[in-house]
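Biologist: I've never read a structure like this before. Could you walk me through it, one feature at a time?

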Amino acid sequence: MKFNLKVWRQKNANTPGKLVDYSIDNINGDMSFLEMVDVLNDNLVRQGEDPIAFDHDCREGICGMCSMYINGRAHGPQHAATTCQLYMRSFKDGDTVYVEPWRAKAFPVIKDLVTDRSAFDRIIAKGGFVSVNTGQAQDANNLPVNKAYAEKAMDAAACIGCGACVAACPNSAAMLFVSAKISQLALLPQGEPERNNRAIAMVNQMDEDGFGNCTNIGACEAECPKEIKLTNIARLNREYIAASVINE
Amino acid sequence: MWEYCGMARTEEGLTKALDLLKDLRESFWKEVRVPGSVSEFNPELDKAGRVADFIELGELMVIDALNRNESCGGHFRVEYQDNGEAKRDDDNYRYAAAWEFKGVDAEPALHKEELVYENIKLQVRSYK
Amino acid sequence: MIWFNDGGETFSNWGQFYRNQPNNSCDGTCSGGRLYYSHCRWLMLWKQNRDARPVKYAYSNPPAKSKWYSRSMGLLGTLLLIFLVIHSAHFWIPNRMQQGLTDWHNEIDLYGRMLEVFKNPLVVSIYVFGCISLFWHLLHGFKSAFQSLGVNHTKYNQTIEYAGIAFSVVIPLLFALMPISIYFGLVN
Ligand code: HEM
Ligand code: SF4
Ligand code: FES
C-alpha cells in the first residue's frame, strides 16, 4: 500500500512546529501504524534526515505510551484500539493521513509526536496512598464486594492513562481519566478512609495542571481505547460534590 | 550470537564469537551515526545506547559460556555430553558467576558465588 | 390558552394566575437562578477551556466522536440570548414599564400586542428559529445537567433521556406554535 503522510514535526516545546509531507510505499496492510512509522523512519535515517520521534512501548495496547492523533481522531479511526493496535488495512491505498501529537496545554510537546504527559502522574500522585491492614494475607472472602461493583471497578481500572480522552476533548478536559482512577477505588471497600481527600486532591491537581472543564460532550468516551464510560465522570462529580460538602 | 552462542556452543565457536564481537564493538563505536542533535529529545540516541548495551551483554555471555566447561540447563556445550544428555561438572562449576569489567581490552575478573545445597543432594537429571 | 380563541380572556386570566402564585415565582427564581449561575460559571470555564489547548489541531474530525449540538452549546446559547433580548423587548419590558414598581395589575394588553407582533413574518421566523435553537440547546443541556450533578444511573438513565427529549421537544414546540398559529390566523 501507498500513503501520503502529513506529519507534525516540532523540534522542542519552544519552537513552533509544522506539518511535513512524506510519501511511503510498499506498506503491508497487516502492519501496525507504528510499524509503518518505523519503516518511514528507516527511510529517513537512510536519507540522512532526522527520524520522527514518537512514544511507544508495549505495542500490544496495554501500556498507554503510544499517542498519535490520526486523521483528526485520537488513536486513529479504529474504535477501541490504541495506535499500536491500529492496522494499515484500516486505511485505503493512496490515502492521505494526518499525524499530530496530543494537543493540550497540560501535555506540552517534547518533540514531534512526543508529549510530556507527566501531568497525569502528578494527578495520580495526589491521589495518595490507600490504607490496608498489613500482616498475613487476608482470606479472599474476608471483604465481600458486590459483584456488579467489582465488575465496574475492573472496567474503570482498564484505563491505561494514554491521554486520548484529553486529546479528543474539545475542552482538553481530563475528566475521563481522573474519573476512571477515582472509580476503580470508589466502587470498592479498599481505600475508603481516603475517599474524600482523594477526590478533592486529584480534581484540584487536574485543574492546577491546566486541563479544561467537562461539558459532557462525550468525545472522550468515543475515543477511549479501553472504552471507559461517561458514567464514571458522573461518579467523579458525585464523589467530588459529596467530598466538598462533607470534608472539613 | 545465534550461530556461535546459541543452543549448542563449542569452544571453537565461542572463541570465534569473541573475536567477532571485538570487531563489532570497534566498528560500532567508530562508525555509529546517531541522527538528531544533543540539545533535543532524541530517541535515536536511546536506541544507539541499547545497541551498545547489547554488544556488551553479548560479550559477557560468550565469556561466561567459554569459561564454563560443562553443560548445564540452557547452556549446552557440545564437548560436554553423554550421548546428547547434558553433562554437568559440579565439582568445578557449582557457582554463580559474576564478571567484573576491568576495561575494554582487559580480561574481566571472575567472582564466584558458591552454591550451597543443604536439603537436597546433587544428582544427574535424566529425562530418559 | 390562546387557542381558546376567546379574544384573550383565558390567556390573560391564566397569565395573571401564573404570576400571582407565590410558589411559581419562587420556582422561577430558583431554576432561573440556577440556570443563571451555571451560565455565568460557564463563561469563566469557557476561557479556561480555550486556554487548555493553545495550539489547535491542524486536522480534526469532530463529527466522528461527538454530537454537533453538544459542541455548539455556546453558539446555541448566544442565539438564545439574542432571542431572549428580542422577546423581552416585545413583551416583558413594555409591560414592566407600564406596571412601574408597584402597580402589578396594570398590565398592557399583552394578548393584543402578541397578535400585533406576530403579524410580521420576520418576527415569526425569528421566534421559530429561536425555538429551534432552544430545542437543540435543551437536548444537550437537560441530560448534561444531570450528568454534571453526578446523576447517571442505569436504572434512571432511560427516564432522564426520554424526559430530556420530551422536555426539549414540548417546550420549544409550544412556544413556537404561538407565533405560528397567530401568523396563520388560527388565533385571532
Ligand atoms: C441567554 C441565553 C443562553 C446562553 C448564552 C446559554 C448558554 C449555555 C451554555 C454555554 C451552556 C453550557 C453548555 C455546555 O457547554 O455544556 C448552557 C447550558 C444549559 N442551558 Fe443555556 N444558554 C442560554 C439560555 C438558556 C435557556 C433559555 C434555557 C432553558 C430554558 C437554557 C437551558 C440550559 C440548560 C438546562 C443547560 C445545562 C446546564 C448544566 O449543564 O449545568 N439555556 N447554556
Ligand atoms: S480514560 Fe481512556 S483515553 Fe483516557 S487515559 Fe484512560 S485509557 Fe486513555
Ligand atoms: S505502545 Fe503500549 S499501548 Fe500502544
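Modeller: Happy to. This is a predicted model, and we can begin with a helix in chain A. The buried residues of helix 5 of chain A pack against helix 2, helix 3 (147-157), helix 4, helix 6, helix 7 and helix 8 of that chain.

Biologist: How many residues of helix 5 of chain A are buried?

Modeller: Here "buried" means under 20% relative accessible area. By that cut-off, 10 of the 12 residues in helix 5 of chain A are buried, so the helix is mostly covered. Among them are Met175(A), Phe177(A) and Val178(A), and also Ser179(A) and Lys181(A).

Biologist: Which residues does Val178(A) touch?

Modeller: Leaving out residues up to four places away in sequence, Val178(A) touches Ile123(A), Met202(A), Met206(A) and Leu236(A).

Biologist: And what about nonpolar cores? Which residues have the most contacts inside the largest one?

Modeller: The idea is to look for buried nonpolar residues joined through their side chains. The largest such core has 42 residues, and those with the most contacts inside it are Phe120(A), Ile123(A), Val166(A), Val178(A), Met206(A) and Phe211(A). Two or more residues each come from helix 2 (118-127), helix 4 (164-168), helix 5 (175-186), helix 6 (195-208), helix 7 (219-223) and helix 8 (231-246) of chain A. Helix 5 of chain A gives the largest share, 7 residues.

Biologist: Why does this core lie between domain 1 and domain 2 of chain A?

Modeller: Because both domain 1 (3-111) and domain 2 (118-246) of chain A give residues to it. There's also a second, separate core of 25 residues, which includes Tyr22(A), Ile24(A), Leu34(A) and Cys84(A).

Biologist: How far apart are the centres of those two domains of chain A?

Modeller: Taken over C-alpha atoms, the centres of domain 1 and domain 2 of chain A are 29 Å apart. For the contacts, look at both sides: 18 residues of domain 1 of chain A are in contact with 20 residues of domain 2 of chain A.

Biologist: Now the sheet. In what order do its strands come?

Modeller: To read a sheet, follow which strand pairs with which. In chain A the order is 2-1-5-3-4, in an open sheet of 5 strands with mixed pairing. Strand 2 (18-24) and strand 4 (73-74) of chain A are the edge strands, each pairing on one side only.

Biologist: How do strand 3 and strand 5 of chain A run, parallel or antiparallel?

Modeller: Antiparallel: strand 3 (residues 69-70) of chain A is joined to strand 5 (residues 96-100) of chain A by 2 bridges. You can spot Ile70(A) standing opposite Val99(A) in strand 5 of chain A.

Biologist: Which strands does helix 1 of chain A touch?

Modeller: Helix 1 (residues 33-46) of chain A packs on the sheet and touches strand 1 (3-9), strand 2, strand 3 and strand 5 of chain A. Its direction makes about 90 degrees with that of strand 2 of chain A.

Biologist: What about backbone angles? Which residue in the loop between strand 4 and strand 5 of chain A should I look at?

Modeller: Try His75(A), which sits in that loop. Its phi is near 65 degrees, a positive value in a residue other than glycine. His75(A) counts as buried because its relative accessibility is 0%. Now compare Asn216(A), in the loop between helix 6 and helix 7 of chain A. Asn216(A) isn't a glycine either, yet has a positive phi of about 55 degrees. At 12% relative accessibility, Asn216(A) also counts as buried.

Biologist: Let's leave chain A. How many helices and strands does chain C have?

Modeller: Chain C has 7 helices and 0 strands. Of its 188 residues, 29% count as buried. Among contacts in chain C between residues at least 6 apart in sequence, 70% join residues at least 24 apart.

Biologist: Which pair of chains has the most contacts?

Modeller: Chains A and C, among the 2 pairs of chains that touch. Chain B and chain C do not touch, and their nearest C-alpha atoms are 20 Å apart.

Biologist: Last one: which element of chain C has the lowest mean pLDDT?

Modeller: That's helix 1 (residues 9-20) of chain C, at 57, while helix 6 (residues 121-148) of chain C has the highest, 91. For chain C as a whole the mean pLDDT is 80, with 79% of residues reaching 70 or more. Over residues 21-28 of chain C, pLDDT stays under 50, and the model has 3 contacts beyond four places in sequence for them. Where pLDDT is low, don't read the predicted coordinates in detail. The model as a whole scores ipTM 0.78 and pTM 0.84.

Key
Residues are numbered from 1 along each chain as its sequence is written. Chains are lettered from A and ligands numbered from 1 in the order in which they are written. Side-chain values use heavy atoms; hydrogens and water are left out. A nonpolar core is a set of buried Ala, Val, Leu, Ile, Met, Phe, Trp, Tyr and Cys residues joined through side-chain atoms within 4.5 Å. Buried means under 20% relative accessible area, exposed over 50%, partly exposed in between (1.4 Å probe, protein chains only). Helices (H or I, at least four residues) and strands (E, at least two) are DSSP runs, numbered from the N terminus. Domain bounds come from an automatic or database domain assignment. Contact means heavy atoms within 4.5 Å. Two strands pair if DSSP finds at least two bridges between them. Axes are lines fitted to C-alpha atoms, for helices over the stretch in contact, and angles run from 0 to 180 degrees between N-to-C directions. pLDDT is the predictor's confidence in each residue, from 0 to 100.
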